[in-house]
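Open the structure in your viewer and keep the selection tool at hand. This tour moves from stop to stop, telling you what to select and then what is there.

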Amino acid sequence: MLQGKGYRVASVSRSGAQINDQNTLSLTYDLSTPTNVSAVFKKVRDAWGEPSMIVYNGAALHPTNYKTPFDVSLEHFEQDLAISSSATGTFVFVGNCLNEAPLADKGLLTLGTGKSAAAFLVSSAANAAAANEKDSRFYYIDQRTEQGDPMLKGVDGAAHAEFIEELIDGKANVPALATFVKDQGYKSFPRLT
Ligand SMILES: NC(=O)c1ccc[n+]([C@@H]2O[C@H](COP(=O)([O-])OP(=O)(O)OC[C@H]3O[C@@H](n4cnc5c(N)ncnc54)[C@H](OP(=O)(O)O)[C@@H]3O)[C@@H](O)[C@H]2O)c1
């Protein structure tokens, strides 16, 4: 999608796609190690200069028992939190509903803590950009069903790409914490409880 719009695209994963040419840079890093985030930015800046658009898609989860949600090792807690809370232009963090709904019975303590931290960071960055009259935009995006329910396992990569394209174009008036629906774009829903 981004290459179709003329962007050069750098991607990061643990497996790495091993495609490297003038317009593509594949980097192999584990984002659960926070210092790797700085290393990734350095590689991209050294190769192409300052990125104008960042999509942070990484997430991690060690499921917890909902009746004993804190029965998780410190190592696993820190690992899952680190991947969600590490990162001028447009910054998009791929979130979910856990910043407003703990979904207590689903064992998502570590994932939800990370997403909530990321949502707070994104809101704070958006407020700071507005206060400084900067043309930077920050979004925490959360795909929902048409009824506003969480997607859970039904998340759709292509729908995310289409919505991110709208955010890059910057024409729609979308808040920092942005719920969206496939083929409909930004859609506001009552807060989940
Ligand atoms: N709105 C919703 O209700 C909803 C529902 C489900 C998911 N989501 C969100 O959508 C996003 C993508 O979910 P998904 O299930 O597609 O994720 P995924 O399959 O686990 O991973 C997506 C990509 O991230 C890379 N990745 C994962 N862990 C990484 C790490 N530690 N370091 C570097 N790269 C890593 C993976 O490549 P490698 O494995 O090669 O590293 C893969 O390319 C997540 O942020 C998730 O929370 C939202």
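Begin by selecting isoleucine 168 which, once its neighbours within four places in sequence are left aside, is in contact with Met53 and Thr90. As you look at it, bear in mind that the model is a predicted one. Isoleucine 168 belongs to helix H4, which covers residues 157-169. Is this residue buried, exposed or partly exposed? Isoleucine 168 has 19 other C-beta atoms within 10 Å, and because a residue counts as buried at 20 or more and as exposed at 12 or fewer, it is partly exposed. Now add glycine 89 to the selection: although 79 residues separate it from isoleucine 168 along the chain, the C-alpha atoms of the two are 8.9 Å apart.

Next, colour the chain by its two domains, with residues 1-51 as domain 1 and residues 53-183 as domain 2. Where they touch, the contact takes 7 residues from domain 1 and 12 residues from domain 2. On the side of domain 1 that touches domain 2, you will find 6 nonpolar residues and 1 polar residue, but no charged ones. If you mark the C-alpha centres of domain 1 and domain 2, they lie 20 Å apart.

Then select the ligand, which is surrounded by 21 residues, the closest being Ser13, Arg14, Ser15, Ala59 and Met151. Strand E1 (9-13) and strand E5 (137-144) are the elements that give two or more residues to this shell. Sorted by class, the residues of the shell are 11 nonpolar, 7 polar and 3 charged. Why can the ligand be said to lie between the two domains? Domain 1 and domain 2 both give residues to the shell around the ligand, so the ligand lies between them.

For the next stop, select helix H1, residues 34-48, and compare its length with what would be expected. Its 15 residues, at 1.5 Å a residue, should span 21 Å, and because the C-alpha atoms at its ends are 22 Å apart, the two values agree. Just after H1 comes glycine 49, which has a positive phi, near 90°.

Finally, colour the chain by pLDDT, which averages 89 over the chain, with 98% of the residues scoring at least 70. Among the elements of the chain, helix H2 (residues 74-85) has the lowest mean pLDDT, at 79, whereas strand E6 (residues 177-181) has the highest, at 98. Where pLDDT is low, the predicted coordinates should not be read in detail.

Conventions: Residues are numbered from 1 along each chain as its sequence is written. This is a predicted model: local features need pLDDT of at least 70, side-chain atom pairs count only at pLDDT 80 or more; totals for chains, interfaces and linings use all residues. A residue is near a molecule or strand if its C-beta atom, placed from the backbone, lies within 6 Å of it. Helices (H or I, at least four residues) and strands (E, at least two) are DSSP runs, numbered from the N terminus. Ala, Val, Leu, Ile, Met, Phe, Trp, Tyr, Cys and Pro count as nonpolar, Asp, Glu, Lys and Arg as charged, and the others, Gly among them, as polar. Domain bounds come from an automatic or database domain assignment. pLDDT is the predictor's confidence in each residue, from 0 to 100. Two residues are in contact if their C-beta atoms, placed from the backbone, lie within 7 Å. The expected span of a helix is 1.5 Å times one less than its number of residues.
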